[in-house]
Amino acid sequence: MESKISKLQLPVVVEDQDDDRHELAKKPIIGAAQPLLTPYKMGNFNLSHRIVLAPLTRERSFENLPQPHAFLYYSQRTSKGGLLIAEATGVSNTSLGFPHVPGIWTKEQVEAWRPIVDAVHAKGGTFFCQIWHMGRSSNTDFQPNGEAPISSTDKPISPDLHSDAIDLPKFTPPRRLRTEEIPLIVNDFKIAARNAIEAGFDGVEIHGAHGYLIEQFLKDQVNDRTDKYGGSIENRCRFALEVVEAVANEIGADRVGIRLSPFADYNDAKDSNPEELGLYMAKSLNKYGILYCHVVEPRMKKALEASKTHFSLMPMRKAFRGTFIVAGGYAKEDGNQALSENRADLIAYGRLFLANPDLPKRFELNAPLNKYNRSTFYTPDPIIGYTDYPFLEITI
């Protein structure tokens, strides 16, 4: 999810033929002016281009229910053979920390998602649901009975990460999950994945990035546990991999992706050796044979801000045997370059896709792009900054 991270900020084991796929991908595509517009087979899904709608928190799901205006929003951004990843969607009543974000833990939420998913499928799109637990990136106001948010730790997020420009309560200190409670949270992810398939989604993306609950276990500057979920990199990754295994067993590994951001420090979540963490996760995911791994570029250290870095995702790209998706401030040109250099299979676009619902067509025609309005990213208005961005006017 590309969300308001840090303002408050606020994917059957694949065998050796995957190495052949990567080798084929290195060969030039004859006659293709733009690699972004070339087809790609992602497991059982035949994509017509490589431009992915990134998961984007939009805060328009009142009472945690997807609304009818989301039907239009996602339908607008659907192209035949395109891949869309839905906004981060809560897995339980303890999982949220922003207002007006959707959930998928109740029957009512499942039914509310169904027509939205149907609209995407009616236009030939492939639709994945990003399933999410915010952990300590929350406040007692969002928790049942006003309880403390849960986390890997009882350390709070630094108070200076709160921005008064966003109308949200300050983070409150979390409660450290007991060892015996952690399987219950794993089960929440499993049930959410099952519900997503019931709602019609083609698969799920596990949110393991941006300083939310899974990453609160992954990163050693947050995780201060002394049980089997803390300390060594194997222990810190245990919870994430248990979620992956449970979800893959529930809905099939060929329907599962995961998002990771080892190099970022969103929501005060840092690691002393992000290269080691990213590579360990990439290699470990192969055991479960999941469909894709979606990784945030190292340059995106902060939300909506890019910086220079010497880090690269290539070690993770080479280690992971499934589809590799990258995100992080991509424009058309560097998206094409990343594909032509085999640094990724697919490119996820957030802000550009938000402001340009027909982004693949605009790339195809080399048309000008609408400018996004950052001030309307998280307003609850069902139209402004949501479904009112204009399409290309094409005259013949």
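## Overall make-up

Of the 396 residues in the protein chain, 60% are buried, and the chain as a whole exposes about 15600 Å², of which carbon and sulfur atoms supply 52%. The model is a predicted one, and its protein chain contains 12 helices and 13 strands.

## Salt bridges

The count of salt bridges comes to 17, and several of these can be described in terms of where their partners sit. Aspartate 227 pairs with arginine 225, with 2.8 Å between the closest N and O atoms, and both of these residues are buried.

A second pair joins the side chains of arginine 317 and aspartate 345, at 3.0 Å from N to O. Arginine 317 belongs to helix 9 (residues 314-319), while aspartate 345 is found in the loop between helix 10 (332-340) and strand 13 (346-349), so this salt bridge ties together parts that are 28 residues apart in sequence. Both arginine 317 and aspartate 345 are buried.

The salt bridge between lysine 361 and glutamate 364, at 3.3 Å from N to O, lies within a single element, since both residues are in helix 12 (residues 359-365), 3 residues apart, or about one turn of the helix. Lysine 361 has a relative accessibility of 36% and therefore counts as partly exposed, and glutamate 364, with a relative accessible area of 47%, is partly exposed as well.

## A salt-bridge network and glutamate 111

Salt bridges also link Lys107, Glu111, Arg114 and Glu198 into a network. Within this network, glutamate 111 lies in helix 3 (residues 107-122) and, at 35% relative accessibility, counts as partly exposed. The C-alpha atoms of glutamate 111 and leucine 65 are 9.4 Å apart in space, although the two residues are separated by 46 residues in sequence.

## Cysteines

A search of the whole structure finds 0 disulfides. Two of the cysteines can be placed with respect to the surface: cysteine 129 counts as buried because its relative accessibility is 0%, and cysteine 237 is likewise buried, with a relative accessible area of 0%.

## Packing of helix 7 and helix 8

Helix 7 (residues 238-251) packs with helix 8 (residues 274-285) at an angle of about 25°, and the axes of the two helices are 11 Å apart. Angles under 35 degrees count as roughly parallel, and helix 7 and helix 8 are therefore described as roughly parallel to each other. The crossing that these two helices make is right-handed.

## Residues with a positive phi

Most residues other than glycine have a negative phi, and against that background two positions deserve a check of the backbone. Asparagine 64 is not a glycine, yet its phi is positive, at about 65°; asparagine 64 is placed in the loop between strand 3 (51-53) and helix 2 (68-76), where its relative accessibility of 22% makes it partly exposed.

Histidine 210, also not a glycine, has a positive phi of about 60°. The loop that holds histidine 210 runs between strand 9 (203-208) and helix 5 (213-218), and histidine 210 is buried, with a relative accessible area of 2%.

Definitions and conventions. Residues numbered from 1 in each chain as written. Predicted model: local features only at pLDDT ≥ 70, side-chain atom pairs only at ≥ 80, totals over all residues. Heavy atoms only, no water. Helix = DSSP H or I, 4+ residues; strand = E, 2+ residues; numbered from the N terminus. Buried < 20%, exposed > 50% of the residue type's maximum accessible area, 1.4 Å probe, protein only. Areas by Shrake-Rupley, 256 points an atom, 1.4 Å probe, with all protein chains shown as cover. Salt bridge = Lys/Arg side-chain N within 4 Å of Asp/Glu carboxyl O. Disulfide = S-S within 2.5 Å. Axes fitted to C-alpha atoms, helices over the stretch in contact; angles between N-to-C directions. Parallel < 35°, antiparallel > 145°, perpendicular 65-115°, else oblique. Left-handed = near helix turned anticlockwise from the far one by under 90°.
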